Structure formats: C-alpha cells, structure tokens
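User: Please take a close look at a single part of this structure, one helix in its surroundings, and walk me through it in connected prose.

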Amino acid sequence: MKLIFEEGAGGLIDDRVATAPWRVECESDRLTDVVLGAPTFLEAVPCCSVTRETLREGFATDCAAAVRQHAALVDLLERHGVACHVIPAAEGLADLCFARDVAVTTPWGVVALNPALAHRSVEVDHLVATLAAQDIRPVMRIREGTIEGGDVCIVRPGLVVIGCSGERTDRAGSEALARLFRRRGWEAIIHPFDPHFLHLDTIFCMLDRQTALACTDVLSDGFIAEMEGRGITLLPVSYKEGRKLGCNILSLDGRTILAAAGHPRVEQQLVRAGFAVEVVDISQFAACGGGIHCLTMPLARAARR
Ligand SMILES: NC(=[NH2+])NCCC[C@H](N)C(=O)O
C-alpha cells in the first residue's frame, strides 16, 4: 500500500485502498503489534512542565539506565505476545522514545501526525521511513494545525476523545483528526485542557471499554460528566501520581494493564477493580515527561467480534 493521502484540507482517505492490517478501533482490544522508539539518545528536553521540574531538581538522564528500562519494557510486551517494532535511535531525536506522539493507528490504518515542536516533528519522517522499510505505510498524514498522539484516545468503537491544550495539539489539528472519525460515523469529542498537563494521556487513559484511569482532581467537571454520561467509570488518580506518569498506562487487552512502578495505591486500585497489573520501572522516561502509554504506539489490536 502506498501513502494515499497527504492531508491538506481535511480530505478523506480512500476506503477502497485502506486495507492495512494495521488497525486499532479500541484502546483496550488485545494488542498484537506496537511501535517503540529506541531511547539511546534520550535527553531531558525542557519542553514540558514535568521535565522542567526534574531538571530543576538536578536530574540528568542516564542513557544506559534508560536503555535497560526500555529493554525490560520490550521484553515484558513480548512475553505477553506483542510484536515490538522498534524504531532505531537517531542522534538529536531526544524524545524519539515517546513513539505515541508522532502517529496514531486508527480503524482505517496508521495516520502520521504533526507534532508542535521542531525536534519532535522530525521524528515523523524518521518513523515513516523506518516503517516503510517494513512495508508499513501511513494511510494519511495530517499537516493541518498540530496534533500529537498522546492527545488521542480511542475509547471504544464509535467514540474517540481528542485532547486539545492549544500547545501540542491545537484546534486545527484536533479538528482534522476528528473529521476523519466523524465522516465515518464516529462521535469525536474534542476536550480542551490546560497545556500544563502536556497530553491527555497523562491525565486520562482507558483500561477497558468502560473504565478509565483519570486524574479526577484536574479533569474538568464537564469532561467527567461527559465520560460518565457515556457509561465510563473513572478510577481516580491524584495530581501528584499523574505528574509522575502514574495515570499513563497501557491496556494490553482490557484486562492486563502495564503500569509504571512506584505507584502502589494506583496498582492496588487496579487490582481491586479486577485488572491484572504488570509494573515496570520507567523512571528515566517519567523524568523526561512520558510514561508507558507515551512509550508505545499500538499498531494493531485484534478487534473483538
Ligand atoms: N504522550 C505523551 N504524554 N508523551 C510525553 C512526551 C514527553 C516529551 N518530553 C515531550 O515533551 O514531548
């Protein structure tokens, strides 16, 4: 399959050619393939509030530790039967490991996104080139506004939430992606929130089709009501837990959850709600503003039929 559409004005992908096996129609369907970015050149870039704070506290990246933690994450994913497609590191791409942000797999294939920051927007070409070598090609690339994958939550078939802080993801970018879903009959909720929180996935992540981990003390009452009104139960995470990426989890199948180590209260709550939890130490990445959800870009999840 070739790149069939370069987004200019919110145009459509051609459904007749969008036959990619790379599909995600729900964040908590069984994960079969995931994209990650090698963290060899990880650096704490002061481009988000969390990283600025860790830098103020004297944090310096330990790349060897980051590589070890990343390898343990890949190993854990593989033990759960997930095929890992690792994008090779490239000098200067300090945030490449946060693969979530540069693309999103939709029910119609992979969509390349348009990150707001220059050092992150070059990651898109790197990702597209690397995936092309594996014959994995985006069906669309958004060039309108800015949009990052940490702001996209495919809640369940028919419902997507797009976070819009106005900085990483802006109105035009969120509308461009929303259009793709809306034209196919989906409800797309654009949720404005303060850029302090960087991406939606630092404060809201789906565990299964009707349960989310959510920083209820920072999410607006309006958004909480919107989610609850759609039958979604929110398991609360505190602001401080969220800041250390305790809300930023990866659901493997709606039952098993990969979560960051060091959040015993969150872990306990998940177990009490019936989830199986696998914890992994991602302290090097959390200090750079990203957690497990940010480190993983699902390429395929097996749809429930
Ligand atoms: N999906 C996410 N929350 N990604 C976190 C990315 C962190 C990275 N340092 C940045 O500021 O871009």
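Analyst: A residue is called buried if 20 or more other C-beta atoms lie within 10 Å of its own, exposed if 12 or fewer do, and partly exposed in between, with the C-beta atoms placed from the backbone. The model is a predicted one, in which local features need pLDDT of at least 70 and side-chain atom pairs count only at pLDDT 80 or more, whereas totals for chains, interfaces and linings use all residues. Residues are numbered from 1 along each chain as its sequence is written. The protein has a mean pLDDT (the predictor's confidence in each residue, from 0 to 100) of 94, and 93% of its residues reach 70 or more. Residues 1-11, however, have a pLDDT below 50, and this stretch has 27 contacts in the model beyond near neighbours in sequence, a contact being a pair of residues whose C-beta atoms, placed from the backbone, lie within 7 Å.

The helix I have chosen is α3, residues 118-133, where helices (H or I, at least four residues) and strands (E, at least two) are DSSP runs numbered from the N terminus. From its first C-alpha to its last, this helix of 16 residues reaches 24 Å, close to the 22 Å expected, the expected span being 1.5 Å times one less than the number of residues. Arg120, Glu123, Val124, Leu127 and Leu131 are the buried residues of α3. Seen down the helix axis, these buried residues of α3 fall within an arc of 110°, so they line one face of the helix; the arc is that of the directions from the helix axis to the C-beta atoms. An α-helix has 3.6 residues a turn, so residues three or four places apart point the same way. Ala118, Asp125, Ala129 and Ala133 are exposed on the other side of α3. The cover over its buried residues includes the strands β2 (83-87), β3 (103-106) and β4 (109-112). Just after the helix, Asp135 takes a positive phi of about 65°.

Helix α2 (residues 63-79) is a useful companion, with 17 residues that should span 24 Å and end C-alpha atoms that are 24 Å apart, which agrees. Its buried residues are Ala66, Gln69, His70, Leu73 and Leu77. Those buried residues of α2 fall within an arc of 100° when seen down the axis, so they too line one face of their helix. Turned away from that buried side are the exposed residues Ala64, Asp75, Glu78 and Arg79. Among the elements that the buried residues of α2 pack against are β2, β1 (30-37) and α8 (283-286), and β2 is also part of what covers α3. After α2 comes Gly81, whose phi is positive, near 80°.

On the side of β3, which belongs to the cover of α3, the buried residues of α4 also pack, together with β6 (152-156), β7 (159-164) and β8 (187-192). Helix α4 (residues 171-182) has 12 residues that should span 16 Å, and its end C-alpha atoms are 15 Å apart, which agrees. The buried residues of α4 are Gly173, Ser174, Ala176, Leu177, Ala178, Leu180 and Phe181.

Key:
Two residues are in contact if their C-beta atoms, placed from the backbone, lie within 7 Å.
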